[in-house]
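Trainee: Please take me through a close look at one part of this model, beginning with a turn and then following the pairing outward to the rest of the chain.

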Amino acid sequence: MSVVIIGGGISGLALAHGLRSRGAGVTLLEAGPRLGGYIQSRSRDGFITEAGPNSFVDREPTLRTLAASLGIEGRIRTADPAAKRRYVYSRGRLREVPQSPPALLKSDVVPWGAKLRMMGELFTRRAPDGEESLADFGRRHVGRTATAVLVDAMQTGIYAGDVEALSVGAIFPKVVELEKKHRSLVLGMVRAQKEARKALPPGEGAPKPSGQVASFDGGLQVLVDALAQALGPVARTGTKLVGLRREGNGWRLAVEEHGQQAELAADKVVLTVPAYVAAELLRPLDEKLAARVAGIAYAPVAVVHLGYAPGTVPPQDGFGFLVPTVERRRVLGVIHASATFPWRAEGGRVLYTCMVGGAKRPDLVEMDAAALVTLAREELRELAGVSAEPVFTEVFHWKRGIPQYNVGHLARMAAIDEGLARLPGLSLTGNAYKGVGLTDCVRNADALAETLAR
């Protein structure tokens, strides 16, 4: 079997590796000059920065299994234990997010009235029929204030989206399943913990934590480089797909490689490019399918790194903080990068990563690098008391940054799957469809590799 993969981001790379390990013939085509897509780690002036994703959650074996097959599992570094502390900027200052229901009683993250409403989650009514927004789901379970502060902040850290628009079933399917089974999320979690304890062998105690934030010792680029090295000439950069058509039981691809025209034949083709690119490639094949894929929205995001000399800023505490929309600030959140991963800043230097824009403030991403640095410095000073002059700055613009799984996404995906069924041998995967995280992309790519190899 021969498979051509279009797109050299993490999904395409992981898929190519998975198919090769299962004995398939693979060619990967990337139109740009480099592999890795949004993942790009840089080392400069004593700092290691990330252009896109900052880390992954080491909760399941998928990514570790891939790293082990590449010989880099030993380079995985989990976050400093202090990074378990998370903060939300609310009502004029940073407030720690409680890690358990008992801690909520002592916390000031929401007022007492909101705490009492959250305790009423045990009596939540069941969900209505159809897809529900994350905001409606949150208000039904924990009330208006907790939704505006905690639920909105949580989604901001993942999607930079609009809590009123995001589909809870698409972004948090396990939470929806928990509700379907138990009605109350609190009851569901308690029962799930009891079941997990019963399943443990005698003497093993409580279940282990679900997962830690992690990266690689040189940044996420370590994973991209290892995949690129393993694939070798199979992965071709500077090669753009310009035409795709069915031919017999397979596919014929017209490509442009470094200015030269060529054609390739394949039994199967997989598009791992962003949805808006995939839509243009699909348009000559199926206009309706292309329109459905093109309908997936993206939130623009700017990543602003600010580095400081040792001893010039207040000590960083925890992973960082998120800012809910209700606060009307100009940053989505700030990662304490050098506290989370101390190896990302040499000699006591301090690194902040500020996220700007999102679905609610796309206009901010249009600002130039200098203006974004000024904005991030002003917000850091007002929110976290950081007033020193940075010794290092770096800005990345992503005008189409994070796919938005808005209400209707589940129905859209069902329609896309129906459309693909009419084009045998053609598949889609990537962060626009069934999970935006790094681990989601690797897991979905591996599952697709298994399906195609069968």
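Mentor: Start at His 258, which has a positive phi of about 50° and sits in the turn of a hairpin where two residues separate strand 12 from strand 13. Strands here are DSSP E runs of at least two residues and helices are H or I runs of at least four, both numbered from the N terminus, while two strands are called paired if DSSP finds at least two bridges between them. Residue numbers run from 1 along each chain as its sequence is written, and side-chain values rest on heavy atoms, with hydrogens and water left out. The model is predicted, so local features need pLDDT of at least 70 and side-chain atom pairs count only at pLDDT 80 or more, although totals for chains, interfaces and linings use all residues.

Strand 12 and strand 13 (residues 260-266) run antiparallel and are joined by seven bridges; within that pairing, Ala 254 has Glu 263 of strand 13 as its bridge partner. On the other side of the sequence, strand 12 (residues 250-257) is also antiparallel to strand 11 (residues 239-247), and eight bridges join the two. There Arg 246 stands opposite Trp 251 of strand 12. Strand 11 and strand 12 again make a hairpin with two residues between them, and Gly 248 in its turn has a positive phi of about 65°. In a regular strand the side chains alternate between the two faces of the sheet.

From the hairpins, turn to the sheets. One open sheet contains seven strands in the order 8-7-16-17-18-15-19, with mixed pairing. Strand 8 (93-96) and strand 19 (392-404) are its edges, and since each has a single partner strand, one side of each is left without a neighbour in the sheet. From one strand to the next, the twist averages 25°, taken between axes that are lines fitted to C-alpha atoms, with angles running from 0 to 180 degrees between N-to-C directions. Inside the order, strand 16 (residues 320-322) and strand 17 (residues 333-336) pair in the antiparallel sense over three bridges, and Gly 320 has Ile 335 of strand 17 as its bridge partner.

The edge strand 19 holds Gln 404, which counts as buried because its relative accessibility is 5%; buried means under 20% relative accessible area, exposed over 50%, and partly exposed in between, for a 1.4 Å probe and protein chains only. A polar atom of the Gln 404 side chain lies 3.0 Å from the backbone oxygen of Ile 402. Beyond its neighbours within four places in sequence, Gln 404 is in contact with residues including Tyr 159, Ala 160, Gly 161, Asp 162 and His 409, where contact means heavy atoms within 4.5 Å.

Gly 161 and Asp 162 appear again around Lys 360, which is in contact with both and with Thr 325, its neighbours within four places in sequence being left aside. Lys 360 belongs to the loop between strand 18 (350-357) and helix 14 (369-384), and its 42% relative accessibility is why it counts as partly exposed. Although Lys 360 and Ala 160 are 200 residues apart in sequence, they are 8.2 Å apart in space, C-alpha to C-alpha.

A second open sheet has three strands in the order 5-9-6, with antiparallel pairing. Its edges are strand 5 (56-57) and strand 6 (76-78), each with a single partner strand, so one side of each is left without a neighbour in the sheet. Strand 5 and strand 9 are joined by two bridges, and Phe 56 has Ala 214 of strand 9 as its bridge partner.

Strand 9 also leads to the largest nonpolar core, which has 39 residues and in which Leu 19, Phe 216 and Leu 223 have the most contacts; such a core is a set of buried Ala, Val, Leu, Ile, Met, Phe, Trp, Tyr and Cys residues joined through side-chain atoms within 4.5 Å. Among the elements that each supply at least two residues of this core are strand 9 (213-216), helix 10 (221-231) and helix 16 (438-453), and helix 16 gives the most, with seven residues. Leu 223 touches Ile 10, Leu 63, Leu 66, Leu 70, Ile 72 and Phe 216, not counting residues up to four places away in sequence. A second, separate core of 33 residues includes Leu 134, Ile 171, Phe 172 and Leu 332.

Terms used:
Polar contact = N/O pair within 3.5 Å; in protein donor to acceptor, adjacent residues only side chain to side chain.
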